[in-house]
Amino acid sequence: METMIENLPRFVDGFLMTLRLLLVSGAGALVIGTVITAMRISPVAAFRAFATGYTELFRNIPLTLILFFCAFVLPYLQFKADYVTLALIGLTLYTSPFVAEAIRSGINGVPVGQAEAARAIGLGFGATLGSVVLPQAIRMVIPPLINVLIALTKNTSVAGGFAVVELFLSSRRLINDHGNATVPILIAVAVFYLVITVPLGQFAVRLERKVAVLR
């Protein structure tokens with residue numbers, strides 16, 4: 001117990017880094033994923049091809065390989081950034097296709113008549129998507145999007161293998177320093193992860209009830 005109390009600041013620092021990775025890369029993935037979704041259903045063939053290629057590429061490459069590319073190949077290509085920034089880029093790239101596919105599934109669930117009615121009153125593709133289709137789609141995919149963010153929370157642990165001192169790497173270093181306290185340290189790490197994931201799940205339930213689509 002004394003070991004846990006003495007090292008609490010190290011846990012907190014790791015937790016805050018994990019939270020930073022989640023918030024920044026999650027926000028970036030939501031933005032990029034939304035843009036990729038719009039391109040995926042665009043009437044412009046080149047946009048659709050790019051969005052399809054982007055989704056298939058980053059969705060099917062292991063996160064470890066993406067982070068390796070960001071940590072070692074990007075600096076070799078003269079992209080100067082610290083490991084935290086590079087980890088944020090990698091996590092964003094890896095997560096955005098899953099966001100895009102979740103949103104696209106919601107768009108597919110919006111009745112076709114909604115878009116046809118919007119076009120009938122003179123709205124173009126962008127206005128139809130942004131004002132009519134996308135708001136309805138987002139309401140339908142709140143749980144899948146929250147699940148993507150929960151998965152991202154756990155995926156941040158991979159960044160620990162690339163010199164980013166997040167929660168999991170903090171725990172490994174503590175275990176190396178205090179091997180006799182392995183079980184309490186792992187329990188503490190699990191609790192810190194639950195501090196993030198459980199509220200996210202509860203938030204998803206409440207938000208889904210609030211904006212539920214009446215059928």
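This passage walks through the predicted model, from its overall make-up to its core, one long helix and a patch on its surface. Residues are numbered from 1 along each chain as its sequence is written. In this predicted model, local features need pLDDT of at least 70 and side-chain atom pairs count only at pLDDT 80 or more, while totals for chains, interfaces and linings use all residues; side-chain values use heavy atoms, with hydrogens and water left out.

The protein has ten helices and zero strands, where helices (H or I, at least four residues) and strands (E, at least two) are DSSP runs numbered from the N terminus. Its C-alpha trace spans about 70 × 45 × 20 Å along the principal axes. Of the 215 residues, 40% count as buried; buried means under 20% relative accessible area, exposed over 50% and partly exposed in between (1.4 Å probe, protein chains only).

A good place to look next is the interior. The largest nonpolar core holds 41 residues, and those touching the most other members are Phe11, Leu21, Ile36, Ile146, Val164, Leu167 and Leu200. Such a core is a set of buried Ala, Val, Leu, Ile, Met, Phe, Trp, Tyr and Cys residues joined through side-chain atoms within 4.5 Å. At least two residues of this core come from each of helix 2 (8-40), helix 3 (45-60), helix 4, helix 5, helix 8 (142-155), helix 9 (167-177) and helix 10. Helix 10 gives the most, with eight residues.

Helix 10 (residues 182-210) has 29 residues and reaches 42 Å from its first C-alpha to its last. That is close to the expected 42 Å, the expected span being 1.5 Å times one less than the number of residues. A kink of about 30° is centred on Leu194, the bend being the angle between axes fitted to the seven residues ending there and the seven starting there. Among the buried residues of helix 10 are Ile185, Phe192, Tyr193, Ile196 and Leu200.

Turning to the surface, Leu65, Phe68, Phe72 and Tyr83 make a nonpolar patch of about 400 Å². Helix 4 (residues 63-76) supplies the largest share of this patch, three residues, while Tyr83 is found in helix 5 (residues 83-109). Tyr83 counts as partly exposed because its relative accessibility is 38%. Between helix 4 and helix 5 lies a loop that contains Gln78. Gln78 is not a glycine, yet its phi is positive, near 70°. With 56% relative accessibility, Gln78 counts as exposed.

Key:
Patch = residues over 30% accessible without salt bridge, like charges linked within 9 Å, V, L, I, M, F, W, Y side chains within 5 Å. Areas by Shrake-Rupley, 256 points an atom, 1.4 Å probe, with all protein chains shown as cover. Salt bridge = Lys/Arg side-chain N within 4 Å of Asp/Glu carboxyl O.
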